[in-house]
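I opened a new structure today and kept notes as I went. Each entry says what I looked up and what came back.

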Amino acid sequence: MNILITGGTGLIGQELCKFLINKYNLVVLTRNELKARQLIGQNSRFVTCLSEVDFNDIDIIINLAGEPIADKRWSDKQKQAIIESRVGITQQITDYVNAAETPPHTFISGSAIGFYGRQNADIAVDETFDKPYDEFSHQLCRDWEQAALKSQSEQTRVCLLRTGVVLSRRGGALKKMLPAFSWGMGGPMGSGKQMMSWIHIDDMIQLILFLIRHTELHGAFNATAPQPVSNKEFSDCLATVLNRPAFFWLPESFLKWAFGEMSDILIYGQKVIPKKALDANYRFRYQSLEEALKQIMH
């Protein structure tokens with residue numbers, strides 16, 4: 001079976017490739033082949049452009065490409081780069097799928113829980129939720145998902161991964177938080193009441209493999225653990241696991257000053273429930289934040 005993967009050198013992509021590389025023929029889209037070979041290994045085919053891929057020969061596409069959303073302030077230029085790297089590449093893939101005579105049977109495409117926009121901490125949000133807060137993160141994810149869904153047909157099913165905060169030592173939010181928390185200088189952000197919907201990297205990978213196996217599944221899936229927590233609970237739990245205090249509190253005004261509009265994704269959150277994954281009998285390996293953090297830290 002032939003799998004095309006984009007974003008293979010990212011946090012999720014690298015880990016996923018470890019599981020796929022010995023079972024399937026991998027075609028990896030990358031801007032930097034040397035880096036990709038070092039991170040993923042030699043037994044894959046690397047391409048720098050989608051035009052190098054024959055989509056009639058691809059069985060599954062896993063689209064994880066995207067400029068990191070929380071690495072820089074959201075200048076107009078940065079917003080455009082974020083949109084292009086997600087919506088632009090997804091639209092290109094869709095165009096190739098739709099032009100193929102024997103298109104891939106499965107297209108698993110990235111999205112994020114930012115789709116729902118900011119929500120009150122007491123509102124549980126599952127995939128049926130239809131009152132998103134209209135802000136940049138929602139607009140981005142909406143357009144990103146719509147670009148993927150345009151390739152859906154009787155021959156191709158589309159699954160969308162509305163991903164939460166992926167917990168791993170190797171990258172993402174946790175890696176950024178660890179230095180401060182390890183020194184006992186961590187703590188909540190803003191009100192601390194905003195919800196954090198998280199997922200252990202192992203569950204992220206296993207959920208993708210689950211969607212590959214279960215060909216009857218399609219549509220949007222919340223890639224989040226069943227027990228979201230508030231930012232304060234997250235901070236306290238991380239500090240406890242590290243055996244450190246968590247006294248420092250980053251006020252909302254500082255976050256807005258430091259990060260501008262991008263601070264919205266730190267200050268606000270959403271309480272996301274993975275209803276469709278649970279209904280399909282996916283069993284989460286890490287349901288509680290404490291066991292997830294203990295496994296990562298030890």
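**Entry 1: Ser137**

I began with Ser137, which counts as buried at 8% relative accessibility. The model I am reading is a predicted one. Ser137 sits in helix 4, which spans residues 136-149. Next I asked what Ser137 is in contact with, leaving aside its neighbours within four places in sequence. I found Gly114, Phe115 and Gly117.

**Entry 2: strand 1 and its partners**

I moved to the start of the chain. Is strand 1 mostly covered or mostly open? Strand 1 covers residues 2-6, and four of its five residues are buried, so I noted it as mostly covered, taking buried to mean under 20% relative accessible area.

Then I looked for pairing. Strand 1 runs parallel to strand 2 (residues 25-29), and five bridges join them. I picked out one residue pair here: Ile3 has Leu26 of strand 2 as its bridge partner. I also traced the path between these strands. Strand 1, helix 1 and strand 2 form a β-α-β unit, and the unit is right-handed.

Strand 1 pairs with strand 4 too. This pairing is parallel and has four bridges. Here I noted Thr6, whose bridge partner in strand 4 is Asn63.

**Entry 3: salt bridges**

I turned to charged side chains. Side chains of opposite charge can pair when their charged atoms come close. How many salt bridges does the model have? The count is 14. I looked at three of them in detail.

I took Lys18 and Glu15 to start. Their side chains form a salt bridge, with N to O at 3.3 Å. How far apart are Lys18 and Glu15 in helix 1? They are three residues apart in this helix (residues 11-20), so about one helical turn separates them. I checked exposure as well. Lys18 is partly exposed at 46% relative accessible area. Glu15 is buried, at 14%. This pair also belongs to a network: salt bridges link Glu15, Lys18 and Arg170.

I then looked up Asp71 and Lys176. Their side chains make a salt bridge of 2.7 Å, N to O. Which parts does this pair tie together? Asp71 is in the loop between strand 4 (60-63) and helix 3 (76-99), and Lys176 is in helix 5 (residues 172-182). The salt bridge therefore ties together parts that lie 105 residues apart in sequence. Asp71 is partly exposed at 47% relative accessibility. Lys176 is exposed at 52%.

My last pair was Lys131 and Asp130. Their closest N and O atoms are 3.7 Å apart, and they form a salt bridge. Both residues are exposed.

**Entry 4: cysteines**

I went on to the cysteines. A disulfide is a covalent bond between the sulfur atoms of two cysteines. How many disulfides are there? I got zero. Cys49 is in no disulfide, and its nearest cysteine sulfur belongs to Cys17, 19 Å away. A disulfide needs the two sulfur atoms within 2.5 Å, so Cys49 does not qualify at that distance. Cys49 is partly exposed, with 35% relative accessibility. Cys141 is in no disulfide either. The nearest cysteine sulfur to Cys141 is that of Cys159, at 17 Å. Cys141 is buried at 2% relative accessibility.

**Entry 5: the annotated domain**

I checked the record next. UniProt, in an unreviewed entry, gives the annotation "domain: NAD-dependent epimerase/dehydratase" for residues 3-216. In the model, residues 3-216 are 37% helix and 19% strand. The C-alpha atoms at the ends of this stretch are 18 Å apart.

**Entry 6: Gln80**

I looked up Gln80 and found it in helix 3. Gln80 is partly exposed, at 44% relative accessibility. How far is Gln80 from Tyr24? Their C-alpha atoms are 34 Å apart, and 56 residues separate them along the chain.

**Entry 7: positive phi**

I closed with two backbone angles. Asn243 has a phi near 60°, which is positive although the residue is not glycine. Asn243 is in the loop between helix 7 (231-242) and helix 8 (252-259). Asn243 is exposed, at 65% relative accessibility.

Asn281 has a positive phi as well, near 70°, and is also a residue other than glycine. I placed Asn281 in the loop between helix 10 (275-279) and helix 11 (289-297). Asn281 is exposed, with a relative accessible area of 52%.

Notes:
Residues numbered from 1 in each chain as written. Predicted model: local features only at pLDDT ≥ 70, side-chain atom pairs only at ≥ 80, totals over all residues. Heavy atoms only, no water. Salt bridge = Lys/Arg side-chain N within 4 Å of Asp/Glu carboxyl O. Buried < 20%, exposed > 50% of the residue type's maximum accessible area, 1.4 Å probe, protein only. Contact = heavy atoms within 4.5 Å. Pairing = 2+ DSSP bridges. Right-handed = clockwise from strand over helix to strand, strands pointing away. UniProt positions renumbered as here; feature names shortened; annotations may be inferred.
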